[in-house]
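Hi everyone, thanks for making room for me today. I'd like to walk you through one structure, so please have a look at it with me.

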Amino acid sequence: MNGILNRIGGRKFGLVLLVFVTTAIFLWFNVLTKEDFTVMTKMLLVAYPASAVGQAMLVKSSEGEDAADAERADVRKFGFTILVFLVAAVLLYLQRLTGSLYIELNQWLVGLYLTGNVLSKAADSGLNLTIGKK
């Protein structure tokens, strides 16, 4: 089981994918409301990047693994972001989401992806604070 999970990106990523896809299927079959889908998706959009950044900041990895691990994490975050966008776009097209919920999801999606991307770079490279123009 660990081999399969490692191939798709680890346990955290596997869980996020499973919850998101299952939630989208439940919306498709009208088991969940559009609002419930939006709430769950927003939680996933916050939780996955936050856990990746937290792990990068708090867990020391062995020498030589840092760059490769950071690259894999970036690819997974980007892939998940694209997956959420595509599913939301399909659900909007099929009229399973309203336009306002689609917009709200994409505001969270883009904002959190960009924030998570910057924070993960800070966690990988160290924090650089400059005050003033010099």
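Let me start with one residue: Lys42 has a relative accessibility of 17%, so Lys42 counts as buried, since the cut-off for that word is under 20%. Before I go on, please keep in mind that this is a predicted model.

What does Lys42 pair with? Lys42 forms a salt bridge with Glu104, and their closest N and O atoms are 2.6 Å apart. In general, side chains of opposite charge can pair when their charged atoms come close. Lys42 sits in helix α3, which covers residues 34-58, while Glu104 sits in helix α5, and this pair links distant parts of the chain, 62 residues apart. Glu104 is partly exposed, at a relative accessible area of 26%. And how many salt bridges does a search of the whole structure find? The search comes back with one.

Now let's step back to the overall picture. The secondary structure of the chain comes to five helices and zero strands. If you follow the elements from the N terminus on, you read α-α-α-α-α. The chain has 134 residues, and 28% of them count as buried. Take the contacts between residues at least 6 apart in sequence: 75% of those join residues at least 24 apart.

Next, the aromatic rings. Searching the whole structure turns up six aromatic pairs. One of them is Phe20 with Phe80, an edge-to-face pair with 5.9 Å from centre to centre and 80 degrees between the planes. Where do these two rings lie? Phe20 is in helix α2 (residues 11-28) and Phe80 is in helix α4 (residues 66-93), so the pair ties together parts that are 60 residues apart in sequence. Phe20 is buried, at 0% relative accessibility, and Phe80 is buried too, with a relative accessible area of 3%.

Another pair to look at is Phe85 with Tyr102. These rings are tilted, with 6.5 Å between the centres and 50 degrees between the planes. Phe85 belongs to helix α4 and Tyr102 to helix α5 (residues 99-125), so to speak two distant parts of the chain, 17 residues apart, that the pair links. Buried or partly exposed: which word fits each of them? Phe85 is partly exposed, with a relative accessible area of 33%, whereas Tyr102 counts as buried at 16%.

Some rings also join up into a group: Phe13, Phe20, Phe37, Tyr48 and Phe80 are linked into a cluster by ring pairs. So you meet Phe20 and Phe80 again there.

Let's turn to Trp28. Arg96 lies over the face of Trp28, at 4.6 Å from the ring centre. Trp28 is also one of the residues in a nonpolar patch on the surface, along with Val21, Ile25, Phe26, Phe29, Val31, Val90, Tyr93 and Leu94. Together these residues have about 920 Å² of accessible area. Which helix gives the most to the patch? That is α2, with four residues, and α2 and α4 each supply at least two. Phe29, also in the patch, is found in the loop between α2 and α3. At 58% relative accessibility, Phe29 counts as exposed.

One last number, for the surface as a whole: the chain exposes about 9000 Å², and carbon and sulfur atoms supply 66% of it.

That's my tour, and I'm happy to take questions.

Note on methods:
Residues numbered from 1 in each chain as written. Predicted model: local features only at pLDDT ≥ 70, side-chain atom pairs only at ≥ 80, totals over all residues. Heavy atoms only, no water. Phe/Tyr/Trp six-rings, centres within 6.5 Å; stacked < 30°, edge-to-face > 60°. Buried < 20%, exposed > 50% of the residue type's maximum accessible area, 1.4 Å probe, protein only. Lys NZ or Arg CZ within 6 Å of the ring centre and 35° of its normal. Salt bridge = Lys/Arg side-chain N within 4 Å of Asp/Glu carboxyl O. Contact = heavy atoms within 4.5 Å. Areas by Shrake-Rupley, 256 points an atom, 1.4 Å probe, with all protein chains shown as cover. Patch = residues over 30% accessible without salt bridge, like charges linked within 9 Å, V, L, I, M, F, W, Y side chains within 5 Å.
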